[in-house]
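Visitor: Before we begin, I would like each label that you use to be set against its cut-off, so that I can follow the reasoning step by step.

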Amino acid sequence: MKTQELTEQESLQIITTMIDKAKGKVGEDSIFYLLWGWSVLIGSVLHFLLMNIQYDKPWIPWAILMPATSIAAGIIGSRRAKKKSTRGYIDRLMGYLWGAFVVTLLIVLASSPFIGWMKAYSLMISLYGLATFVSGGVLQFRPLIIGGISAWVISVVSFFLPEQWVVLAVGLSMITSYLIPGYLLKKAHREKKA
């Protein structure tokens with residue numbers, strides 16, 4: 001089989017097209033940033049409020065919201081996967097990234113009885129930053145890159161905060177790394193489709 005060599009410009013054009021297609025797909029999937037962003041934000045605010053009224057199980061919002069959000073995300077994801085006919089390199093890369101994010105997040109959650117919940121929250125904020133920063137870099141979408149950097153800054157600061165404020169720092173990181181980029185991604189996708 002004869003192979004044809006591509007010029008540098010043709011190669012760049014192919015890469016740019018792949019990234020644009022992936023951006024479009026991720027734009028369609030911005031619902032996941034919004035779903036998880038709102039769920040974690042609501043969980044952190046409720047946890048904060050319950051801690052301040054000295055409720056004995058302030059973590060209860062997490063026990064309700066996270067499984068419910070996981071089920072909703074799973075249903076949405078499986079429906080969307082049926083509609084997609086092919087998966088390109090960028091799709092696979094993003095799949096590996098977010099898969100690795102979930103596994104590492106579960107490891108941090110499992111280690112929380114040993115390291116303490118507040119340190120676990122700070123590490124989770126750092127993980128949010130990692131996943132959104134890399135996603136933004138792959139997709140060349142600056143709001144995700146900025147969101148990732150902001151989550152890292154919030155993570156570092158959260159190590160020095162009193163306990164109840166660390167919970168709110170989780171919510172703040174959701175606003176900067178998931179919700180704002182998620183809405184901007186959704187807007188960009190709508191404008192591109194119009």
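Guide: What follows is a conversation about how the labels given to this predicted model are reached.

Visitor: What is the overall make-up of the chain in terms of helices and strands?

Guide: The chain has seven helices and zero strands, and along the sequence the pattern accordingly reads α-α-α-α-α-α-α. Of its 194 residues, 36% count as buried, while the chain exposes about 11900 Å², of which carbon and sulfur atoms supply 68%. Among contacts between residues at least 6 apart in sequence, 72% join residues at least 24 apart.

Visitor: Why is the pair of phenylalanine 48 and tryptophan 165 called tilted?

Guide: A search of the whole structure finds 10 aromatic pairs. In the pair you name, the ring centres are 5.2 Å apart and the planes stand at 50°; rings pair if their centres lie within 6.5 Å, and planes that are neither under 30 degrees nor over 60 degrees apart count as tilted, so the pair receives that label. The pair links distant parts of the chain, with phenylalanine 48 in helix 2 (residues 30-52) and tryptophan 165 in helix 7 (residues 163-193), 117 residues apart.

Visitor: Which of the labels buried, partly exposed or exposed belongs to phenylalanine 48, and which to tryptophan 165?

Guide: Phenylalanine 48 has a relative accessibility of 15%, and buried means under 20%, so phenylalanine 48 counts as buried. Tryptophan 165, at 42%, falls in the range between that limit and the one for exposed, which is over 50%, and therefore counts as partly exposed.

Visitor: What makes the pair of tyrosine 128 and tyrosine 178 edge-to-face?

Guide: The centres of the two rings are 5.7 Å apart and their planes meet at 75°; since planes over 60 degrees apart count as edge-to-face, the pair is given that name. This pair also links distant parts of the chain, for tyrosine 128 is in helix 5 (residues 117-139) and tyrosine 178 in helix 7, 50 residues apart. Both tyrosine 128 and tyrosine 178 are buried, and ring pairs link them with Tyr33, Trp98 and Phe101 into a cluster.

Visitor: How do you know that alanine 151 is buried, and what is it in contact with?

Guide: Alanine 151, which lies in helix 6, has a relative accessible area of 0%, and a value under 20% is what buried means, so the label applies. Leaving aside neighbours within four places in sequence, alanine 151 is in contact with Ile125, Tyr128, Gly129, Ser173, Thr176 and Ser177. The C-alpha atoms of alanine 151 and tyrosine 128 are separated by 6.6 Å, although the two residues are 23 apart along the chain.

Visitor: Why does serine 173 count as buried?

Guide: Serine 173, in helix 7, has 0% relative accessibility and therefore counts as buried. With neighbours within four places in sequence left aside, the contacts of serine 173 are Ile125, Tyr128, Ala151, Ile154 and Tyr178.

Visitor: How do you know that the span of helix 4 agrees with the expected value?

Guide: Helix 4 (residues 89-115) has 27 residues, which at 1.5 Å a residue should span 39 Å, and its end C-alpha atoms are 37 Å apart, so the two values are taken to agree. Helix 4 nevertheless bends by about 25° at leucine 109, with proline 113 following within four residues. The buried residues of helix 4 include Ile90, Asp91, Met94 and Phe101.

Visitor: Where does helix 7 bend?

Guide: Helix 7 bends by about 35° at isoleucine 175. Its 31 residues reach 45 Å from the first C-alpha to the last, close to the 45 Å expected.

Visitor: Why is glutamine 54 called exposed, and what is the sign of its phi?

Guide: The relative accessible area of glutamine 54 is 71%, and exposed means over 50%, so glutamine 54 is exposed. Glutamine 54 sits in the loop between helix 2 and helix 3 (60-83), and its phi is near 60°, a positive value in a residue other than glycine. Most residues other than glycine have a negative phi.

Visitor: What makes glutamine 140 exposed?

Guide: At 55% relative accessibility, glutamine 140 is over the 50% limit and therefore counts as exposed. Its place is in the loop between helix 5 and helix 6 (142-158), and its phi, near 55°, is positive.

How values were computed. Residues numbered from 1 in each chain as written. Predicted model: local features only at pLDDT ≥ 70, side-chain atom pairs only at ≥ 80, totals over all residues. Heavy atoms only, no water. Phe/Tyr/Trp six-rings, centres within 6.5 Å; stacked < 30°, edge-to-face > 60°. Helix = DSSP H or I, 4+ residues; strand = E, 2+ residues; numbered from the N terminus. Buried < 20%, exposed > 50% of the residue type's maximum accessible area, 1.4 Å probe, protein only. Contact = heavy atoms within 4.5 Å. Areas by Shrake-Rupley, 256 points an atom, 1.4 Å probe, with all protein chains shown as cover. Expected span 1.5 Å × (residues − 1). Bend = angle between axes of the 7 residues up to and from the residue.
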